[in-house]
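Here's a quick tour of a protein model, made for someone just starting out. Have a look at the picture, then read on.

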Amino acid sequence: MRGLSPHKARYKRLYNRLAITGVTATGRAGWIQRLREVGTSVGCRQAIEFGCGTGADAEALVASTGWDFIGVDIANVALAVMPDRLQRICADVTTMDPVVLGVNRYDLAYCAFLVHLLTASEKANFYWLVSQVLRPGGIFMCLTASEEDLRNRRITRYFPSAYTFDIERYLPIETNVAMLVNAGFRSVEVEVVKLGEVSAKQELQFYESRASSILNLLPRGEVDRGLARLRSALEGSGPDEGVGERKREWRRTAMIAKK
Ligand SMILES: C[S@@+](CC[C@H](N)C(=O)[O-])C[C@H]1O[C@@H](n2cnc3c(N)ncnc32)[C@H](O)[C@@H]1O
């Protein structure tokens, strides 16, 4: 993978660094459960995750289902941290040849918080790749965020530019759905997924480690000021609304596309 574009190289560095620091995603039980339910409904045997990172979701899913699994990610260091028993390929999902993965091979394909890292044309290429590698009747589950999710995130209050940046990165759900249909999917359903409860402490650790890519795109001063306000709110000692709110359920939006 020579000559990565600047944004891809930046994300690759970020997720390699997070893999070394051991930061993992928070609030995932609800997502794993939906993957298991939908995969089971199509008799899943072969699953593939795009943007699998260190494979935390895959490990939980494979342990409870026994499905064959392969993970794809651009971040080589993150993949090296993945448990040995999981298969992996280091590749850029926006330029990958479907033949490498196997055309019509997978029953279930999924990704979580990957597509906002891709430009609009890269998203279209990626959706086409997924449609090629799924077998007819196979399902693609794509966890992302709707405009409403972005507006309701706690960080929208503390990092004023985050919403503006993210609206551009995520694109409306309807636009993503139209791209999936263009890529060859027969039907696409949209659902809100309850990811699980996240404690104030976990939430603070997540943002303080800059695990959310948006914090790496904002001006440094805004990040420092926002983190200080968030810390005081989450620790219950500051003037912000939200003080004393110790746990919160994270909800995001998934597109479930059938080939
Ligand atoms: C926000 S992280 C999500 C990781 C994991 N799915 C999770 O939810 O915790 C996005 C992942 O996508 C990977 N990624 C970003 N752009 C990619 C690309 N063009 N091709 C393959 N992987 C990519 C990153 O390296 C990172 O591991």
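With 15 C-beta neighbours inside 10 Å, E222 counts as partly exposed, because that category sits between 12 or fewer neighbours (exposed) and 20 or more (buried). Keep in mind that what you're looking at is a predicted model. Below we'll stay with E222 for a moment, then move on to a few other spots.

**E222 and its surroundings**
- You'll find E222 in helix α12, which covers residues 220-234.
- Which residues does E222 touch, leaving aside its neighbours within four places in sequence? They are F159 and S161.
- F165 is 57 residues away from E222 in sequence, and the two sit 13 Å apart in space, going from C-alpha to C-alpha.

**The ligand's shell**
- How many residues surround the ligand? There are 19, and the closest are Y15, A25, G51, G53 and A75.
- Helix α1 (residues 6-21) gives the largest share of this shell, with 4 residues.
- Sorted by class, the shell around the ligand has 12 nonpolar, 3 polar and 4 charged residues.

**Two helix pairs**
- A handy idea to start with: two packed helices are described by the angle between their axes and the distance between the axes.
- Take helix α2 (residues 29-41) and helix α3 (residues 56-65): their axes come within 10 Å and cross at roughly 45 degrees.
- That angle falls outside the parallel, antiparallel and perpendicular ranges, so α2 and α3 are oblique to each other.
- The crossing of α2 past α3 is right-handed.
- On the α2 side, the contact is made by W31, I32, L35, R36 and G39, while α3 brings D57, A60, L61, S64 and T65.
- Those contact residues of α2 and α3 split into 5 nonpolar, 3 polar and 2 charged.
- Now try helix α6 (residues 120-133) and helix α10 (residues 173-182), which pack at about 45 degrees with their axes 9 Å apart.
- α6 and α10 are therefore oblique to each other, and their crossing is right-handed.
- Where they meet, α6 offers K123, A124 and Y127, and α10 offers M179, L180 and N182.
- By class, the contact of α6 with α10 has 4 nonpolar, 1 polar and 1 charged residues.

**Positive phi angles**
- Some background first: most residues other than glycine have a negative phi.
- N104 isn't a glycine, yet its phi is positive, near 60 degrees.
- N104 lies in the loop between α5 (98-101) and β4 (106-112).
- Is N104 buried or exposed? N104 counts as exposed because it has 12 C-beta neighbours inside 10 Å, and 12 or fewer is the cut-off.
- R210 isn't a glycine either, and its phi is a positive value of about 60 degrees.
- R210 sits in the loop between α11 (200-208) and α12.
- R210 has 17 C-beta neighbours inside 10 Å, so R210 counts as partly exposed.

**A proline in a loop**
- P172 has its place in the loop between α9 (160-170) and α10.
- With 11 C-beta neighbours inside 10 Å, P172 counts as exposed.
- P172 and A145 are 27 residues apart along the chain, and 8.7 Å separates their C-alpha atoms.

How values were computed. Residues are numbered from 1 along each chain as its sequence is written. This is a predicted model: local features need pLDDT of at least 70, side-chain atom pairs count only at pLDDT 80 or more; totals for chains, interfaces and linings use all residues. Axes are lines fitted to C-alpha atoms, for helices over the stretch in contact, and angles run from 0 to 180 degrees between N-to-C directions. Helices (H or I, at least four residues) and strands (E, at least two) are DSSP runs, numbered from the N terminus. Angles under 35 degrees count as roughly parallel, over 145 as roughly antiparallel, 65 to 115 as roughly perpendicular and the rest as oblique. A crossing is left-handed if the near helix is turned anticlockwise from the far one by less than a right angle, and right-handed if clockwise. Two residues are in contact if their C-beta atoms, placed from the backbone, lie within 7 Å. Ala, Val, Leu, Ile, Met, Phe, Trp, Tyr, Cys and Pro count as nonpolar, Asp, Glu, Lys and Arg as charged, and the others, Gly among them, as polar. A residue is near a molecule or strand if its C-beta atom, placed from the backbone, lies within 6 Å of it.
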